[in-house]
Amino acid sequence: MPDTPIPDDVVGAFQIEGEPVRGRIARLGPSIDAILRGHDYPEPVANLLGEACALAALVGSNLKFDGRLIVEARGSGPVRYVVADYDTSGGLRGYCRFDADEVAAISGGFQRPGAKTLLGDGVFMMTVDQGPDMDRYQGMTDIQGETLALCAEQYFAQSEQTPTRVRLAVGQSGGGARAGGFLIQYIAADDARGETIEAWNRTQAFFETLGEDELVDAELSSNGLLFRLFHEDGVRVFESQPLRAFCRCSEERIVTVLKSFDQAEREDMIEADGKIHVTCEFCSRVYALAPEALETA
């Protein structure tokens, strides 16, 4: 394993030496802090979105083409939906829609409300977007279990028939919000490898010792964590992908959306300063556009 620790805001792949287990680890620092600071989310909602962003980075970083991976969950609970969007350049963004009073009502106990409590009955989805010239691929499963990690495990079991374990965490460390994700997958037996289930069970036992606090510890490198878990077997770490907070909103996109409304509807949007204001749900940037600019744009 290389001596140089993997820095913050990266997602990297690894393979257990000589074993049929591959995985990825994501550590988010300034990127997730920027995403969460863009909104005044209650703590349970911020935690849910941080987990979704870490999961999107874990799964999206495995795409072999330029595109996007969208993690989304929709339900009938206090959080209506959470969405995290990863593109293969390493850009991350995310957003939650929720009812503040309902979130407050379920947040008074000692136990932090998880995904099932926040989202209620609903669906968990992953969507692969390969660009405008290709059809999107979307897989879906019911929200099961109290965490997004369990939703993801169920998704992989149903949609890809790939035994997968996932752990996600969000917390404060090093002066800001942090998030982390860890994923391992079983490579099924074949004629060359023979039976491999014992190795998978052994790796899962090590995985069970992984603490959420370790995933968000600013003083613990990814390499250090992998060594702690798998030093008996050895682990090979591959090249990592940098991550950053990045929103694709732009004035050009906003103008295109506004021009889809008829003139009467746009006139109703004009505020006291004579402009139409549009706030991006993802990054909270506010665009102020003069109505006459839409006529010439």
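Q: Helices are DSSP runs of H or I with at least four residues, and strands are runs of E with at least two; how many of each does the protein chain have?
A: The model is a predicted one. Its protein chain comes to 11 helices and 13 strands.

Q: What makes the protein chain as compact as a globular protein of its length?
A: The radius of gyration is 21 Å, and the globule rule gives 19 Å for 297 residues; the two values are close, so the chain is as compact as a globular protein of that length. Along the principal axes, the C-alpha atoms fill a box of roughly 70 × 50 × 35 Å.

Q: What share of the 297 residues is buried?
A: A residue is buried when its relative accessible area is under 20%. By that cut-off, 49% of the 297 residues are buried. The accessible surface of the chain is about 14500 Å², with 49% of this area belonging to carbon and sulfur atoms.

Q: Which strands are the edge strands of the open sheet β8-β9-β2-β1-β10, and what makes them so?
A: The five strands of this sheet stand in the order given, with antiparallel pairing. Strands β8 (164-173) and β10 (235-242) each pair on one side only, and they are the edge strands. On average, neighbouring strands here are turned by 15° against each other, direction ignored.

Q: How do you know that β1 and β2 are paired?
A: Pairing requires at least two bridges between the strands. Strand β1 (residues 10-16) and strand β2 (residues 21-28) have six, in the antiparallel sense, so the requirement of at least two is met. One facing couple is A13 and R24, the latter in β2. Helix α1 (residues 30-37) packs on the sheet and touches β2 and β9 (176-186), with its direction at about 120° to that of β9.

Q: Why is the pairing in the open sheet β7-β6-β3-β4-β5-β11 called mixed?
A: Strands can pair in either a parallel or an antiparallel sense. The six strands of this sheet have mixed pairing. Its edge strands are β7 (137-142) and β11 (244-245), each pairing on one side only. Strand β5 (residues 91-98) and β11 run parallel, joined by two bridges, whereas strand β3 (residues 68-75) and β6 are antiparallel over eight bridges. β6 and β7 are antiparallel too, over six bridges.

Q: Which residues stand opposite each other in these three pairings?
A: L92 has A245 in β11 as its bridge partner. L69 faces V128 in β6, and V123 faces D142 in β7.

Q: What makes β6 a mostly covered strand?
A: Six of the eight residues of β6 are buried, and buried here means under 20% relative accessible area.

Q: How many aromatic pairs are counted, and what makes the pair of F14 and F230 one of them?
A: The count is 11. Ring centres must lie within 6.5 Å; those of F14 and F230 are 6.1 Å apart. Their planes make 35°, and the pair is called tilted because stacked needs under 30 degrees and edge-to-face over 60. F14 belongs to strand β1 and F230 to helix α8 (residues 222-230), so that the pair links parts of the chain 216 residues apart. Ring pairs also link F14 and F230 with F182, F206 and F207 into a cluster.

Q: Why are F14 and F230 called buried?
A: The relative accessible area is 2% for F14 and 1% for F230. Both are called buried because the cut-off is under 20%.

Q: What kind of aromatic pair do Y95 and F282 form?
A: The pair is tilted, at 6.3 Å centre to centre with 55° between the planes. Y95 lies in strand β5 and F282 in the loop between β12 (276-279) and β13 (286-289), so parts 187 residues apart in sequence are tied together. Y95 and F282 are both buried.

Q: Are Q161 and S284 buried, partly exposed or exposed?
A: Q161 has 59% relative accessibility, and exposed means over 50%, so Q161 is exposed. S284 has 26%; this lies between 20% and 50%, so S284 is partly exposed.

Q: What is the sign of phi in Q161 and S284?
A: Phi is positive in each: near 50° for Q161 and near 70° for S284; neither residue is glycine. Q161 is in the loop between α5 and β8, and S284 is in the loop between β12 and β13.

Terms used:
Residues are numbered from 1 along each chain as its sequence is written. This is a predicted model: local features need pLDDT of at least 70, side-chain atom pairs count only at pLDDT 80 or more; totals for chains, interfaces and linings use all residues. Side-chain values use heavy atoms; hydrogens and water are left out. Axes are lines fitted to C-alpha atoms, for helices over the stretch in contact, and angles run from 0 to 180 degrees between N-to-C directions. Contact means heavy atoms within 4.5 Å. The radius of gyration is taken over C-alpha atoms; the globule rule is 2.2 Å times the number of residues to the power 0.38. Buried means under 20% relative accessible area, exposed over 50%, partly exposed in between (1.4 Å probe, protein chains only). Accessible areas come from the Shrake-Rupley method with a 1.4 Å probe; for residues, only the protein chains shown count as cover. Rings of Phe, Tyr and Trp (its six-membered ring) pair if their centres lie within 6.5 Å; planes under 30 degrees apart count as stacked, over 60 as edge-to-face and the rest as tilted.
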